[in-house]
Every structure is written in C-alpha cells, then in structure tokens.
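Let's take a walk through a protein model together. Keep the sequence and the 3D view side by side while you read.

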Amino acid sequence: SRFMQRYFTGHAALALFEHSDATTNTESLKIAEASLNWLETNYPASDATNFHPTLVPWHALAIAAQYKLNSASPHIKTLYVMSDQLVDLQSDPEFPGRFFSETAPNFGRPNVVRDALSTITLMTSLNIAIDLGDRKRQKKYRKAIWLALDNLRSLQYDHGVVTNFEQPMKAVGALRFRHNDERIRLDGVVFSAEVFERAAIMIQNGRL
C-alpha cells in the first residue's frame, strides 16, 4: 500500500544513514538521500493531507540522521513542518500531552508507542532548532515535550497499582498501552524508556 511504502521508506532511510555513518558506505548514503528526496517529491509536508502521526517519526528521524552525518540537510523545513503538526495534535484538554485528535479518526486510537515516538521526534527537532538558533521553535518544542513527558509518566505503572498482574513487581516501571487499556506492549516500554533517557541528558545539558 502507499501508506506502507511511506512507512518503510522512512525506516529504510534512517537505517541506511546509520549504516553509512558506521561504515562510511557511500552507496548507503546515496540511497538514503534518494529516499528522502522521494518522500519530499511524492508526499510534501507542506500539504497537510499528507500528515499522519504514525509516519512522521521515521521520516523525521531520517532527516535528523542526515543532518547529524552532514551537519546539514535540505529537508530541515520538512522536519519542522512535521514537528509543528505533531504539536498541533496535543490540543486534547483531557490529555494535553498525548498525540491524538478526535477530529481525525483516520489516525487511529491514541497509544503509548505513538506518544513516545512523537516525543522523540520533538526532542530531535528541538536539538536541531537549538543548533540553528531558532528560538521560536525552541520555546514551542520545549513546552510540547514537557506536556508529552507528563503524559507518558501518567501511563507508567508504580508500586501499589500492579496487584492484578501475576508478577506485580515485573510490571513496575512499564507503561500501559493507553489510559483505558492495561496491556503492556514491549515497543511502547522501550521507546518510552528512550524518551526518559533522552530527557535526562537534555536536562543535564541545559537543552530542555
């Protein structure tokens, strides 16, 4: 499907940039850059109808990997546009930090995987905004990230609320899939742990 083509092109571009960085493989770099150009040509972020929160993180992280590798990227504007669109999803008054909108049922139901990956995307965008001196976006992304962190923390199991699990202590620290769904999904826990680790580093470095 067209959706999965976009989804896996973002994945592949990120992996290829990382492979090129690790091995100095020029073919990987060439294909990764071509992948980002394909996404830009066929699904420009300036067209709001192309936005989908499941697709954004991998596309955005691939752009950030290109920036890290080359200290530049022709797709920084696209990264910012997608990040701004993610911020707009946080308008839910009941759950202000989650990335979901009742007016966009095609995005699917909210879940911790999306929330964690969207937060990582904003953290990546904030770091680049700091590097490039974009103060307006720094302020916007910091505010959104703190809201997102509060949301993720509200999904995390603490002592005393895990008694229904067969092995309660093994659930402490994990995150429920969504507020009204007690399932624990491994990718949601892993991505959320990465969010908390990145946040700690950014706070320590004075970036968050």
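In which helix is the place of Phe3? Phe3 sits in helix 1, which covers residues 2-23. Before going further, keep in mind that this is a predicted model. The protein chain has an average pLDDT of 94, and 98% of the residues score at least 70. Confidence varies along the chain, though: among its elements, helix 5 (residues 112-131) has the highest mean pLDDT, 98, while helix 7 (residues 168-171) has the lowest, 77.

**Helix 1, inside and out**

Back to Phe3. With a relative accessibility of 31%, Phe3 counts as partly exposed. Together with Met4 and Phe8, Phe3 makes up a nonpolar patch on the surface, and the three share about 260 Å² of accessible area.

How many residues does helix 1 have? The count is 22, and the helix reaches 31 Å from its first C-alpha to its last, close to the 32 Å expected at 1.5 Å a residue. Some of helix 1 is hidden: its buried residues are Arg6, Thr9, Gly10, Ala13, Leu14, Phe17 and Ser20. If you look down the axis of helix 1, these buried residues fall within an arc of 130°, so they line one face of the helix.

Pick out Ala13, which belongs to helix 1. Why does Ala13 count as buried? Its relative accessibility is 0%, and buried means under 20%. For a sense of distance, try Ala13 and Pro110: they are 97 residues apart in sequence, and their C-alpha atoms are 26 Å apart in space.

**Charged pairs**

Now for some charges. Side chains of opposite charge can pair when their charged atoms come close. How many salt bridges does the structure hold? There are nine, and here are some of them.

| Salt bridge | Closest N and O atoms |
|---|---|
| Asp181 and Arg183 | 3.0 Å |
| Arg137 and Asp134 | 3.2 Å |
| Lys140 and Asp84 | 3.5 Å |

Take the pair Lys140 and Asp84, which form a salt bridge. Lys140 is in helix 6 (residues 135-154) and Asp84 is in helix 4 (residues 76-88), so this pair ties together parts that are 56 residues apart in sequence. Is each partner buried or partly exposed? Lys140 is partly exposed, at 33% relative accessible area, whereas Asp84 is buried, at 14%.

You'll find a similar mix in the pair of Asp181 and Arg183: Asp181 is buried at 16% relative accessibility, but Arg183 is partly exposed at 45%. Elsewhere, salt bridges with shared partners join Asp84, Asp134, Arg137 and Lys140 into one network. Within that network, Arg137 is partly exposed, with a relative accessible area of 22%.

**Two loop residues with positive phi**

Finally, look at a couple of loops. Where is the place of Thr24? Thr24 is in the loop between helix 1 and helix 2 (26-42). Thr24 is not a glycine, yet its phi is positive, near 55°. At 65% relative accessibility, Thr24 counts as exposed.

Ser71 is also worth finding; look in the loop between helix 3 (56-70) and helix 4. Its phi is positive too, at about 60°, although Ser71 is not a glycine. Ser71 is exposed, with a relative accessible area of 61%.

Key. Residues are numbered from 1 along each chain as its sequence is written. This is a predicted model: local features need pLDDT of at least 70, side-chain atom pairs count only at pLDDT 80 or more; totals for chains, interfaces and linings use all residues. Side-chain values use heavy atoms; hydrogens and water are left out. pLDDT is the predictor's confidence in each residue, from 0 to 100. Helices (H or I, at least four residues) and strands (E, at least two) are DSSP runs, numbered from the N terminus. Patches are made of residues with over 30% relative accessible area and no salt bridge: like charges are joined within 9 Å, nonpolar side chains (Val, Leu, Ile, Met, Phe, Trp, Tyr) within 5 Å. Accessible areas come from the Shrake-Rupley method with a 1.4 Å probe; for residues, only the protein chains shown count as cover. A salt bridge is a side-chain nitrogen of Lys or Arg within 4 Å of a carboxyl oxygen of Asp or Glu. Buried means under 20% relative accessible area, exposed over 50%, partly exposed in between (1.4 Å probe, protein chains only). The expected span of a helix is 1.5 Å times one less than its number of residues. The arc is that of the directions from the helix axis to the C-beta atoms.
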